[in-house]
Amino acid sequence: MKLGTKAFILITALQVCVGVPTRAQESEVRQLFEWSTFGKLPSTSVRCAGVSEGALVLVGDSTYVIETESLRVQAVEGRFGATHSMSASWGDEILCIGEEVVALRWQDGALRRRLLPPLPTVGSGAVVENSLYLVSTSDDFWALDLAADEPTWERLAGWPGPPRQRVTVVALGGHFYVFGGLGAGPGGVLQLLTDVYRYRPDAGWERLEDMPAMTMVELEAVAMGTSHVLVFGSEGDCGGSRQVLAYHTITDTWVQMGTAPPGGAVIPLDAGVVTLGDTSLHRGTLVGTTGNFGLVNYLVLGAYFLVLVGMGFYFLSRERSDLDYFLARQRIPWWAAGVSIFGTQLSAITFMAIPATAFATDWVYSLGQVTIVLLAPVIIYVYLPFFRRLDVTTAYEYLELRFSVAVRLFGSAAFVLFQLGRMGIVIFLPAIALSAATGMSMWAAVLLMGLLSTLYTTLGGIEAVVWSDVLQVVVLMGGAVLSLGLIVSSVEGGAMGLLSTAAAHGKFHAVNLTWDMATASVWVVVVGWTLSNLVPYTADQTVVQRYLTTKDEAAAARSIWTNAALTIPATVIFFGLGTALFVFYHEHAAALEPSLPVDAIFPLFIVQQLPVGVAGLLVAGIFAAAMSSLDSSLNSVSTTLVTDWYRRFVPETTEAQRLSVARRLTFCLGLVVTGTGLLLASFDINSLWDVFLELLGLLGGTLAGLFALGILTRRAHAAGALAGVVASVAALYLIKTLTAVHFFLYAGIGIMTCVVVGYLTSLVLPHDRVSLEGLTLFTVNSSRAD
């Protein structure tokens, strides 16, 4: 059998060498890597390789460790497993898999070794999250929980492919992929298999697009980025370079991506790979197709920024008091306030993430986007009267009137802390995508968004914020519509072809009919998102402040309906854009960039495919989306700090003094947020920042619960409200850490816990009776006695 296998491989390799035509060869081939010699080894025969603690570890007859920065080759004494035939990675450990399974870690200048349970059968394995999965030469399928105290192999349901040898596997994005191999054909003759399968732990096996046959000899596969698998196909004995195929897991497409030096193992390293030749290490650095943004595009972007700064200077002369600066003396038209609410909620993260979500999955989340239409009447008739009739500047003034100053200060502080953390992310995440897609420095992107937003917001106050939001919504919505139109005109078959291709791949799927609370079922999406929307529309100063800038309650109600009306077409446009991007890149898979995250798919399309000048305008739209959220947060945090803290505890101040404090606060906050964005761009502190935001995020539903408790009940009091806060935060933390409940339900759980516990505690604890005239839904039409 071994001799027959070698002969078959040689014959197939000769076919590849003489140029058997294939689908991938019929079109222009892109060279994905630029190759250079990385280093040399005294000997070869590497059977296990990987990266641990930043060092390249090669295990065979001898063991070597190469520090990737200094390129110093260090021989390591000891036997680490000469019988291994494959390797996998788990965190900083390299799993060498053969007759035994050994976990290796390079730590403190030494290679440390620990044994794991031996393989239950011969096969190929890869690690998905905390499990090592193994497919055997038959149809057996096994899993080993690496995180268990005493790991043991568990036999799973068999995989659907026929028995085979030399199967290639790889893990990516929480899924396990199986590629090709050698199997028995008619008459028992060995043949190359090109079938591909994916295993999803929550959904089982599915068959994917077959591999092109040209790469089916001596395969090596590595995951690259968030959605690419690179397959290196050996040319056998013909002495030529290896073919490189890229499989895109989202569009289910294969495309040839140039060649690689001949050799064996392929190891992902930094922005590329390392391959092992006879005794040479070759480093492949990704060659991108992005980065040439061009002078004309920069001029368009610069002109847009000048308009925004001009707005700040225009409104500077109109801001004579803190009420001008915070509420524009209630002279904002209702339609502009509504557009500003819409722009505030649509950050650059959303502007890129919604198309990316539809590109990668389907329309399941679209139902949640339009739940604001269901919620608008509740906001208008239940919540809005309290914000308008009590003559407040911040939402949290209501909490003092209804409960106590302590509850007000808690609400205000929670809002400020969350916004400070959120603003850093709002400018950092778009900067990543803009930098990767355009070649612009990440620092430059952060500085542009942070400093320009700070400048025009400091100068023009809420009026500059609202009117810049209006401009930015026009730019970002116009850009999205333009991009959608250009894609429709460029794909095969136009609009009908786009719809047909998308439907064939299930891209319009919108409803999951299940009662499972851990998935995005239809009831989880609708109920969860409806309750989640209560947080920004009832407890977030950035939105509530827009209600207070119009001339009266009726105008504020129309602004809420304007925002709701804009949400419906925007949802269709952005989800449609993501679906269109899927169809476009399904047809042009070679244009995809393996190094970019999925969220960068829209910026990638803009820079790659749009005409000069138009691309600049669309990138301006991404900046616009980020800045429309950033300017709103800056002004609202300044409003909250001046009103809930400075004016509350230093009441003997003039309007001019409060205006001066507000401007200085806005400017300083802008610098802090910009600095935070630069820190995130410069140091690997993202995980700590995520933890910080997650903890603060537990307060969102709690805040909305406080407002619901105050408005919807008459018996609740301050002590009960604070008890509700503690219970809500604790309940959300436990549910998040101990259960699989979908995050869409977090806000609703936080709201309900705060209301129920706050109300029941208020029934038990004694309190002094106070007037509730005009402060609850039952007394809203009463005249409140001062």
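1. Start with a term. A residue is called buried under 20% relative accessible area, exposed over 50%, and partly exposed in between. L760 has 48% relative accessibility, so this leucine counts as partly exposed. Please keep in mind that the model is predicted.

2. Where does L760 sit? The residue is found in helix α20, which covers residues 746–764. L760 also helps to make a nonpolar surface patch of about 540 Å². Its partners in that patch are M752, V756, L763, V764 and L765.

3. Next, the cysteines. How many disulfides does the count come to? The count comes to 1 disulfide. The bond joins C48 to C96, with 2.1 Å from S to S. The angle about the S-S bond is -80 degrees, and the link of C48 and C96 is left-handed. This pair links distant parts of the chain. C48 lies in strand β2 (residues 46–52), while C96 lies in strand β7 (residues 93–97). The two cysteines are 48 residues apart.

4. Are C48 and C96 buried or exposed? C48 counts as buried because its relative accessibility is 2%. C96 is at 0% relative accessibility, so C96 counts as buried too.

5. Two further cysteines deserve a look. C668 has a relative accessibility of 44%, and therefore counts as partly exposed. C754 has a relative accessible area of 0%, so C754 is buried. The cut-off at work for C754 is under 20% relative accessible area.

6. Now the interior space. The structure holds 1 cavity of 30 Å³ or more. What is the volume of the largest cavity? The volume is about 80 Å³.

7. Which residues line the largest cavity? The lining includes S227, H228, H248 and F359. It also includes L592, E593, L596, P597, V598, A600, I601 and L604.

8. One contact in space is worth checking on screen. T226 and V598 are 372 residues apart along the chain, yet their C-alpha atoms are separated by 6.9 Å. V598 is one of the residues lining the largest cavity. T226 has its place in the loop between β18 (219–224) and β19 (228–233). At 42% relative accessibility, T226 falls in the partly exposed class because that value lies between the cut-offs of 20% and 50%.

Conventions: Residues are numbered from 1 along each chain as its sequence is written. This is a predicted model: local features need pLDDT of at least 70, side-chain atom pairs count only at pLDDT 80 or more; totals for chains, interfaces and linings use all residues. Side-chain values use heavy atoms; hydrogens and water are left out. Patches are made of residues with over 30% relative accessible area and no salt bridge: like charges are joined within 9 Å, nonpolar side chains (Val, Leu, Ile, Met, Phe, Trp, Tyr) within 5 Å. Accessible areas come from the Shrake-Rupley method with a 1.4 Å probe; for residues, only the protein chains shown count as cover. A salt bridge is a side-chain nitrogen of Lys or Arg within 4 Å of a carboxyl oxygen of Asp or Glu. Helices (H or I, at least four residues) and strands (E, at least two) are DSSP runs, numbered from the N terminus. Buried means under 20% relative accessible area, exposed over 50%, partly exposed in between (1.4 Å probe, protein chains only). A disulfide is a pair of cysteine sulfur atoms within 2.5 Å. On a 1 Å grid over the protein atoms alone, a cavity is a set of points where a 1.4 Å probe fits but cannot get out, and a pocket is an open set with protein on both sides within 12 Å along at least five of seven lines; lining residues have an atom within 4 Å of a point. Grid points are joined across faces, edges and corners, and a volume is the space filled by probe spheres set on the points.
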